[in-house]
Amino acid sequence: MSANVDSVQTSSSHSEALRRAYDADVERRGAMTPDEWRTDLIDEFAVAVRTSGGRSVLELGCGTGQLAQRMASHDLDIVATDLSPGNVQRTRERGVNAQIADFADLPFPDDTFDAAFGINSLIHAAPEELPAVLAEISRVLRPGGRLLMVVWGGVDHQGPLDDEWLDPPRYFSFYTDEAALALDTPGFRRISFETLDVTEAGDDIHPQVITLEAI
C-alpha cells in the first residue's frame, strides 16, 4: 500500500514526525504538477464558493502550494496553512498567503472564513482525534461555510504504511467507505460523499470526497 500525499497537517500526537518528514521532501514536491482530478476538484469547489457569495478560503495542509495557487486564480482570498515551515515558504514563493499552523489548533478567530478545503491532509489525523479537529475547523468557518475534505480510503488502516519511504515514517488513517460515511463530524452536517476511480496510490485505496457544511 502506498500513497501520493499532497500535503501535511495533523493533530498534535504526530505533528513533529510529520513536520520533519515533509520538510525533507520540499524540493521534490515543489516540482510536482497536480493531477487533473485534484485540479478539477479545486475548480469545482472554487465555483461553488463564488456562487454562494463566498470570498475567503482556508486551506488545511497546503504542501508546496500548487492547489492554493490554483484556488487563488479563481479570484478568491486564500490563506494556506501547513505544519511544515519548508512547505509554507515554498507556498509563499508562489505568491500565496501562507502560515505555519496545525489544524488541531488554528490561529484564527471564530467565523473567519467562508470555506475551507483539505486535499489528502486530514488522513494524518488519528480517528480518536478527528472529531476535535473537525470541530476546530468548524469554529473558524462562518455558519453555512463548506469544507471540502478529500482523504484516501476504502480500507481500514491506522499507522505508517508498509512501504513508507520518508524518514521519520508518517502516520496515516484510512477508513472503509462505510466507516467514512459514519464519521462523527461535530460542527458540521454532511452534504455529499463520493469516491473517485483513481488508483495512483494502489489498487486497494481510492480518494473519498466528503463535503460538509458548518452549522
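This is a short tour of a few local features in a predicted model.

Let's start with confidence. Averaged over the chain, the pLDDT comes to 92, and 93% of the residues reach 70 or more. The stretch to treat with care is residues 1-11, where the pLDDT is below 50. Even so, that stretch has 78 contacts in the model beyond near neighbours in sequence.

Now for some helix packing. Helix H1 (residues 15-23) packs with helix H5 (residues 85-93), and their axes sit 7 Å apart at an angle of about 50°. That angle makes H1 oblique to H5, because it falls in neither the parallel, the antiparallel nor the perpendicular range. On the H1 side, the contact is made by Arg-19, Tyr-22 and Asp-23; on the H5 side, Pro-85, Gly-86 and Asn-87 do the job. Sorted by class, the contact is an even mix: two nonpolar residues, two polar and two charged.

Next up is the second largest pocket, which holds about 160 Å³ of space. Its lining is made of Leu-41, Glu-44, Phe-45, Ala-48, Arg-146, Leu-148, Ser-192, Glu-194, Val-209 and Thr-211. Which elements give two or more residues to that lining? They are helix H3 (36-51) and the strands E5 (141-153), E8 (188-195) and E9 (206-214). H3 gives the most, with four residues. As for chemistry, the lining divides into five nonpolar, two polar and three charged residues.

Since the H1–H5 contact and the pocket lining are both sorted by class, here they are together:

| Set of residues | Nonpolar | Polar | Charged |
|---|---|---|---|
| Contact of H1 with H5 | two residues | two residues | two residues |
| Lining of the second largest pocket | five residues | two residues | three residues |

Finally, a couple of backbone details to look at in the loops. The peptide bond from Asp-167 to Pro-168 is cis, with omega near 0°. Where does Pro-168 sit? Its place is in the loop between strand E6 (157-159) and strand E7 (172-174). Then there's Asp-75, whose phi is near 60°, a positive value in a residue other than glycine. Asp-75 belongs to the loop that runs between helix H4 (66-72) and strand E2 (77-82).

How values were computed
Residues are numbered from 1 along each chain as its sequence is written. This is a predicted model: local features need pLDDT of at least 70, side-chain atom pairs count only at pLDDT 80 or more; totals for chains, interfaces and linings use all residues. Side-chain values use heavy atoms; hydrogens and water are left out. On a 1 Å grid over the protein atoms alone, a cavity is a set of points where a 1.4 Å probe fits but cannot get out, and a pocket is an open set with protein on both sides within 12 Å along at least five of seven lines; lining residues have an atom within 4 Å of a point. Grid points are joined across faces, edges and corners, and a volume is the space filled by probe spheres set on the points. Ala, Val, Leu, Ile, Met, Phe, Trp, Tyr, Cys and Pro count as nonpolar, Asp, Glu, Lys and Arg as charged, and the others, Gly among them, as polar. pLDDT is the predictor's confidence in each residue, from 0 to 100. Contact means heavy atoms within 4.5 Å. Axes are lines fitted to C-alpha atoms, for helices over the stretch in contact, and angles run from 0 to 180 degrees between N-to-C directions. Angles under 35 degrees count as roughly parallel, over 145 as roughly antiparallel, 65 to 115 as roughly perpendicular and the rest as oblique.
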